[in-house]
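Biologist: Walk me through this model. I want to know how each label is earned.

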Amino acid sequence: MRVGIDYRSALVNVEGIGRYCRELVRGLVEEGFGGNLGLFGYTLKGARFTPAELGIAGSRAELCRLRFPSRWLPGLLQRLGKGVDDLVGGCAVYHHTQPSLLPVRAAVEVATIFDVIYTLDAGYLSPEAAAHMTAVAKEQVQRSRRILVPCQFVGAEVVMSLGAHPARVSVTSLGCDHVARELPPGGYPPAAEPYVLTVSRVDARKNHLRMLEAFERLVREGFPHRWVIAGPPGFGSEDFERALAASPARSRVEWRRFVSDSELPELYSRADVFLFASLNEGFGLPPLEAMACGTPVVSSCVTSMPEVLGDAAFLVEPTDSERIFEATRRLLAEPDLARDLAQRGRARAREFTWRRCARETLLAYRAAVESDPAEAPRLRRTL
């Protein structure tokens with residue numbers, strides 16, 4: 001069974017979908033499936049990673065790449081009467097990994113949907129972006145024989161918000177072992193100055209305003225820590241920038257707008273606490289990455305977080321800055337509690353590997369090929 005995968009983001013995107021594509025393909029190669037892969041990589045941008053960094057060096061995976069503008073592809077394929085599956089040399093399954101769908105001529109289609117946050121009227125995106133992403137996601141559901149989701153929470157959301165039938169949804173959990181494999185055998189020395197760490201894009205959904213309130217309280221209580229934020233600005237980041245500029249703790253906050261993959265393991269490992277009180281997550285990879293590095297985690301008790309993190313994190317109500325403060329304070333002030341959560345976190349993180357993701361994805365590919373489109377289940381609504 002030959003599989004085509006949209007690999008464009010793996011070549012150029014250092015976060016999010018790019019990470020997923022790189023590590024999924026690495027896992028498939030490690031599972032011995034590399035010779036069946038056609039990786040579609042037509043982008044005008046130059047690749048930011050070498051084959052060795054991508055995990056495909058020496059494998060039989062075929063990277064199909066031209067420096068060609070992606071926005072021209074739909075029109076070109078339509079004029080030629082071809083599909084993206086033809087550009088990878090033909091395949092039984094074509095996997096859409098990002099919300100940028102290309103025409104497929106003959107292959108069975110599979111799509112990954114990471115979250116449905118854009119369907120919410122919560123101010124997390126501009127109305128135009130939310131409407132566009134919702135339309136694309138509905139097209140993904142309509143076209144695909146199998147919808148891959150990172151957790152059961154997103155699976156339920158895809159059913160309720162996008163109309164996918166539950167029988168066509170497969171959970172393919174993400175991995176965090178990409179961080180663990182970069183850790184040095186002896187670990188890292190303690191930080192010169194203690195700090196609390198948050199790794200995420202800065203936008204309204206990530207809840208930095210309330211985390212700032214909690215950190216200000218820590219400073220007032222006499223804790224010597226800095227708050228290091230690693231992540232670029234996102235939609236609505238201006239509100240946080242204004243709050244930070246006016247904060248009495250601003251001199252203790254370090255916002256690093258770009259942090260490379262190579263810096264993250266050390267940044268995670270040397271933090272005293274990892275703080276991630278997000279309001280809504282489709283999976284939430286950074287807390288697992290922190291756990292893999294042995295750092296105790298404070299996170300949210302909502303959306304995907306309880307499912308992903310289990311009892312290995314201190315889960316709090318993210319709309320209550322007092323709860324965020326208290327959880328962080330306890331982990332900083334109670335070494336036994338912090339050690340216990342760090343141990344649980346390491347064990348929890350070991351459950352989430354990219355080879356496991358690859359195996360679950362292979363099962364989904366086979367289920368898509370073996371399903372009969374004439375008997376495809378349809379969701380009937382009674383309301």
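Modeller: Start with Glu 23, which is found in helix H2. Helices here are DSSP runs of H or I with at least four residues, strands are E runs of at least two, and both are numbered from the N terminus.

Biologist: What makes Glu 23 count as buried?

Modeller: Buried means under 20% relative accessible area, exposed means over 50%, and partly exposed lies in between, with a 1.4 Å probe and protein chains only. Glu 23 has a relative accessible area of 1%, so Glu 23 is buried.

Biologist: Which residues is Glu 23 in contact with, leaving aside its neighbours within four places in sequence?

Modeller: His 178, Arg 181 and Trp 354. Contact means heavy atoms within 4.5 Å.

Biologist: What should I know about the source of these values?

Modeller: This is a predicted model, where local features need pLDDT of at least 70, side-chain atom pairs count only at pLDDT 80 or more, and totals for chains, interfaces and linings use all residues. Residues are numbered from 1 along each chain as its sequence is written, and side-chain values use heavy atoms, with hydrogens and water left out.

Biologist: Why is H2 called roughly perpendicular to H16?

Modeller: The axes of H2 (residues 17-30) and H16 (residues 354-370) come within 8 Å and cross at roughly 80°. That crossing makes H2 roughly perpendicular to H16. The class covers 65 to 115 degrees; under 35 is roughly parallel, over 145 roughly antiparallel, and the rest oblique. Axes are lines fitted to C-alpha atoms, for helices over the stretch in contact, and angles run from 0 to 180 degrees between N-to-C directions.

Biologist: Which residues make the contact between H2 and H16?

Modeller: Among them are Tyr 20, Glu 23 and Leu 24 of H2, and Trp 354, Ala 358 and Tyr 365 of H16.

Biologist: What does H2 lie across?

Modeller: Strands S1 (3-6), S2, S4 (93-96), S5 and S6; H2 runs at about 165° to S2.

Biologist: How are the strands of the open sheet ordered?

Modeller: The seven strands run S3-S2-S1-S4-S5-S6-S7, with parallel pairing. Two strands pair if DSSP finds at least two bridges between them.

Biologist: Why do S3 and S7 stand at the edges?

Modeller: S3 (62-64) and S7 (169-171) each have a single partner strand, so one side of each is left without a neighbour in the sheet.

Biologist: How do you know that S5 and S6 pair?

Modeller: Three bridges join S5 (residues 108-112) to S6, and at least two are needed. One partnership links Val 110 to Arg 146 in S6. Three bridges also join S6 to S7, where Val 149 has Val 171 as its bridge partner.

Biologist: What covers the claim that both faces of S6 are buried?

Modeller: In S6 (residues 146-149), Arg 146 and Leu 148 on one side and Ile 147 and Val 149 on the other are all buried. In a regular strand, side chains alternate between the two faces of the sheet.

Biologist: Why does Val 108 count as buried?

Modeller: Val 108, in strand S5, has 14% relative accessibility and so counts as buried.

Biologist: And what makes Thr 43 count as buried?

Modeller: Thr 43 lies in the loop between S2 (37-40) and H3 (51-54). Its relative accessibility is 7%, so Thr 43 counts as buried. Thr 43 touches residues including Arg 8, Arg 65 and Phe 68.
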